[in-house]
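This report introduces a protein structure to a reader who has not met it before. Please keep the sequence and the three-dimensional view at hand while reading.

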Amino acid sequence: MDRRRFLKVLGATGGGAAALSACGIGPEPTEHLIPYLVQPEEQVPGIPTWYATTCRECAAGCGLHAKVREGRVIKLEGNPESPLNQGRLCSRGQAALQGLYNPDRVTDPMARGADGRWQTLTWDEAIARLGAKVKEARGTGAVFVTGLETGSFGELVGSWMKEAGGRHLTYEPFAFEALREGNRIAFGTSAIPWYDFAGARYIVSFGADFMETWLSPVGYQNAFTRAHAFQGGRDSPPARFVHVGPRLSLTGMSADEWLAAAPGTEGILALAMAHVILNERLGPPPSRVPASRIPAADIARIRELVAPYAPEQIAAAVDVGAKAIRRVAREFAASQGGLAVAGGMAAQYPNGAGIVAAVNVLNYVAGQVGKTVRFGPNHSLEGAGSFSQMADLVAEMKAGKVAVLLVHGANPVYSLGGAFAQALGKVGYKVSFSPYLDETSAASDLVLPELHPLEQWNDSRPRAGVYALQQPVMQPVFPNPRHSGDVLLQVAGKQGTFKDYLRSRWAELHARFGRGQDFETFWTDALQHGGIYREAPAQAVRLGPDAGRLPQLAGAALAAGWRKSGRPVLTVFPSVALHDGRGANKPWLQELPDPVSKITWHAWVEVHPETAARWQLASGDVVLITSSHGSVRAPVWITPGVRPDVLAVPTGQGHNAYGRYARDRSFNAFELLANEPEAYGGRAFAVGVTVVKTADHRRLATLEGDAREQGRGVIEVLPLAKARGLRPGQHPFAEREVPAYSEQAVEEWAEAQRKKASLGNYAGEHPRWGMAIDLAKCTGCSACVTACYAENNLATVGEELVTRRRQMSWMRIERYYTGGEQGGGRPVGAVVTPMLCQQCGNAPCEPVCPVYAAYHTADGLNGQVYNRCVGTRYCSNNCPYKVRYFNWFNYAEPGGEWESWPDPLNMLLNPDVTVREKGVMEKCTFCVQRIRAAQNRARLEDRGVQDGEITPACAQACPSEAIVFGDLHDRSSRVAALARDPRGYHVLESRNTKPAITYLARVVQGEAPEA
């Protein structure tokens, strides 16, 4: 048979698959090869195309760059031009891909039949039903509930409902109601200002978890790092950070000091600090001119308000010493750049608005309003709705006053619990616009599949002056979903699409910012850059008329009531990864270890060791937690990072719908919360509970090792004074590997070995790729971990295998507690470090591999040849860092028990990286595919690789810019300079592995803690 005949038989007709199957090689699915003769515009095979868009995983509105290969988006990065995230991206933003390719998406319109079963409809049928029901409901109650929409779609919904005779409500489970009301009480405006963390010299967080879910976590984490991280040679010392709250959160772990105040007393502490500043005249002098400093009349009012809050008078209630309060207040004022922020748990107590107002007063008396607290470039959250509005809606639904309820971008059945679900039964007709069959969709009568944000046109205005555009970065994964804006326009009988509507709204921006450009040029330019970014003018504020209510709102009575009850206080906090539950259908986020607990795939309750000993609990014991509103069963995780009288549980789990990754996992923490709003319009996320130990126990699906570092030198810590005294050439952590008298002999022997190895591809000069990780910047947020999953096709293995410690993550964040020893001692804190393959120059993994699958590349990487590996696991046994991972199962097998990428989730796989099979060892190689691509590009352009041209996925995502990559042999590179930094050290240096990763010691203000 000649070649032409062979290809004809075994070619693109599928006959090849049949022939191979007959030979016993199959069976394989029949696939048709389509020639790439007419390729799409702007698509070149093997070359990525980048599109700018906007992340919609939370309200922050970070800018995105979407990497598209052959028509499918495979990676998301931050947009460097966006002032919100400046090119960085969190784990939730990275995981948006798994929402796009989610195998449980709704693909067609569905209606519930008379027998209760779902029936598939055509779009014409669905739109006809929707139009008829809305028309019937005119004047009898039609309500459209959406998530926060700050752009054109929100405007369309508002106008559409007005024409339909209904109303539009916005619902977010965490809507910052207390923050808005607290600002109104203090300053007469409900606007939420922009906080200048980068310019702050002393930061006090009253529960505001600004690195997790508070306002704009990526941008604020980046700014915080610039202020707080140590930089050698900088004249001014780094900013000091004090965290106030009953729980040591991810944000609190970066603090120099944790003040574990009693729950609900944060506002009292803030007023006590203001009392010290005023009484000791530490703030700016008052002025009679309102535009200059602080008006004298305001100072007089505040002095009267804070008079009862001397530190000695409130110390017992707050459970923080008076001396500590006075010291922090004096340091805060003396810094001349203090920033106090309130939010998170502190804004979710029944007195949350009072706490926020008290913190505002503290900023005001310190002279920081207008400096580190800037009204003008405000966050666009004033239209975020409130819990009280939803409570009113539930009452109307119960009374039968709502004929049609439409829901888009929200899941109130899950987060509002049984009260909303029961009331929903009395609504005449329920419509859900959703890409997924979540709890609200499952309870609806009509489900209209919405496009994913990466498939649709939209815009948002996350902050004053920022107009973010959102464009489809690829064709829809499924052909039938439609943009909800197109549906609304069609029901209304309007011509055109939502893209036309969006362009008409942007014509108004063109008139303001066009600067002589025609509209098409203006529009294209905005698309290319991801939007329009302008500076918003500053707004002056002063003390509002309602500030006199502060003594009644501060919270002394609340804290006293909790203590008198004798019951522990349960705080419900938003999960870093799953947030309010919207991330639970993404396996990357489910398998991402919580930065604090290191638990995956299920929820837990945090219990202090003293409390656990009193209740005779061990980690993994299941307890029944009961509030006056509901009860849940939760496994215990014992931690020193919570007060003895406080329990803490995360939100996000406990779904009974929402797809295979979210359904029937653990418990729903929202079920413990009240259904009645607080006075400020929000929901209280703290409640008194009773706890009963059950007979059940489970193994936690955790990746935590030892909770203490035990002095092994994994994380080194320097006090600030010592770090500032270091000079070039000093290395306080260096370990002498051999006696001084033998160093020359060892060096000569090593040089002789290098010469012997300089053969073939190893001859000549080569780079040595290395990395520097600054622990003074790393916060443990884990954005790097998810970026590694996305870039390198890492399998998610599920709860059962994680429980058996068979996870596949190439990178882990190790967290060690410090202080908190029994019998007194140092306060509790925590330190973190990323741990990945160290690319050892003297690698223990390489000589033990019997088939040479583990080998050393010419440019210093510890390579792994997958098709040579036979799975002896000798390399993993010999690795002191434990950063090699074995494929126990075939995670890529379609339909297999442990399948990690069910169709169409496999569309997110990076074509530049091999998908590994069962029995293969795998590990980090510094994103070698990016290294080789940059080298090939430089070779084609006849030049060398430039410093900074190669950025691994972990370094590119890191919001703190803690990771630097480059060539250690290039003495002028950033990584080489950091490798020579006096703070630099190598983990387990005494093993003589010669790692390519240099860690820079964490710097703390005060004594260095011992882990």
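The following sections treat confidence, two sheets, an aromatic pair and a few individual residues.

## Confidence of the model

The structure is a predicted model. Its chain has an average pLDDT of 90, and 94% of the residues score at least 70. Residues 8-28 form a stretch where pLDDT stays under 50; for this stretch the model has 15 contacts beyond four places in sequence.

## A sheet of seven strands

One open sheet consists of 7 strands in the order 5-4-18-17-16-6-7, and its pairing is mixed. Strand 5 (118-120) and strand 7 (167-170) stand at the edges. Each of these two has a single partner strand, so one side of each remains without a neighbour in the sheet. From one strand to the next, the twist averages 20°.

At one end of this order, strand 4 (residues 110-112) and strand 5 run antiparallel and are joined by 3 bridges. Within this pair, A111 stands opposite Q119 of strand 5.

Two helices are in contact with the sheet. Helix 6 (residues 152-163) packs on it and touches strand 6 (142-146), strand 7 and strand 16 (404-408). The direction of helix 6 makes about 175° with that of strand 6. Helix 19 (residues 484-491) lies across strand 6, strand 16, strand 17 (429-433) and strand 18, and runs at about 135° to strand 17.

## Residues around this sheet

S444 is placed in the loop between helix 18 (439-442) and strand 18 (446-448). Is S444 buried or exposed? Its relative accessible area is 2%, and since buried means under 20%, S444 is buried. A polar atom of the S444 side chain lies 2.7 Å from the backbone oxygen of T440. Apart from residues up to four places away in sequence, S444 touches R112, W118, K430, V431 and S432.

R138 lies in another loop, between helix 5 (123-136) and strand 6. With a relative accessibility of 49%, R138 counts as partly exposed. Beyond its neighbours within four places in sequence, R138 is in contact with E163, A164 and G165. The side chain of R138 has a polar atom 2.4 Å from the backbone oxygen of E163. R138 and G166 are 28 residues apart in sequence, and their C-alpha atoms are 7.0 Å apart in space.

## A buried threonine

T54 belongs to strand 1 (residues 49-54). At 2% relative accessibility, this threonine counts as buried. The side chain of T54 reaches the backbone oxygen of L469 at 2.6 Å. Among the residues that T54 touches, not counting those up to four places away in sequence, are G61, C62, S460, L469 and G530.

The table gathers the contacts from side chains to backbone oxygens described above.

| Side chain | Backbone oxygen | Distance |
|---|---|---|
| S444 | T440 | 2.7 Å |
| R138 | E163 | 2.4 Å |
| T54 | L469 | 2.6 Å |

## Aromatic residues

The model has 33 aromatic pairs. One of them is formed by Y202 and F332, whose ring centres are 6.1 Å apart. Why is the pair of Y202 and F332 edge-to-face? The planes of the two rings stand at 90°, and planes over 60 degrees apart count as edge-to-face. Y202 lies in strand 9 (residues 202-206) and F332 in helix 13 (residues 322-334), so the pair ties together parts that are 130 residues apart in sequence. Y202 counts as buried at 3% relative accessibility, and F332 is buried with a relative accessible area of 1%.

Elsewhere, Y195, F197, F210, W214, Y220, F224 and F241 form one aromatic cluster.

## A sheet of four strands

Another open sheet has 4 strands in the order 37-30-39-38, with mixed pairing. Strand 37 (963-967) and strand 38 (984-985) stand at its edges. Each has a single partner strand, so one side of each is left without a neighbour in the sheet. Strand 38 runs antiparallel to strand 39 (residues 997-1000), and 2 bridges join them. The bridge partner of Y985 in strand 39 is Y999.

Technical notes. Residues numbered from 1 in each chain as written. Predicted model: local features only at pLDDT ≥ 70, side-chain atom pairs only at ≥ 80, totals over all residues. Heavy atoms only, no water. Buried < 20%, exposed > 50% of the residue type's maximum accessible area, 1.4 Å probe, protein only. Polar contact = N/O pair within 3.5 Å; in protein donor to acceptor, adjacent residues only side chain to side chain. Contact = heavy atoms within 4.5 Å. Pairing = 2+ DSSP bridges. Axes fitted to C-alpha atoms, helices over the stretch in contact; angles between N-to-C directions. pLDDT = per-residue confidence, 0-100. Phe/Tyr/Trp six-rings, centres within 6.5 Å; stacked < 30°, edge-to-face > 60°.
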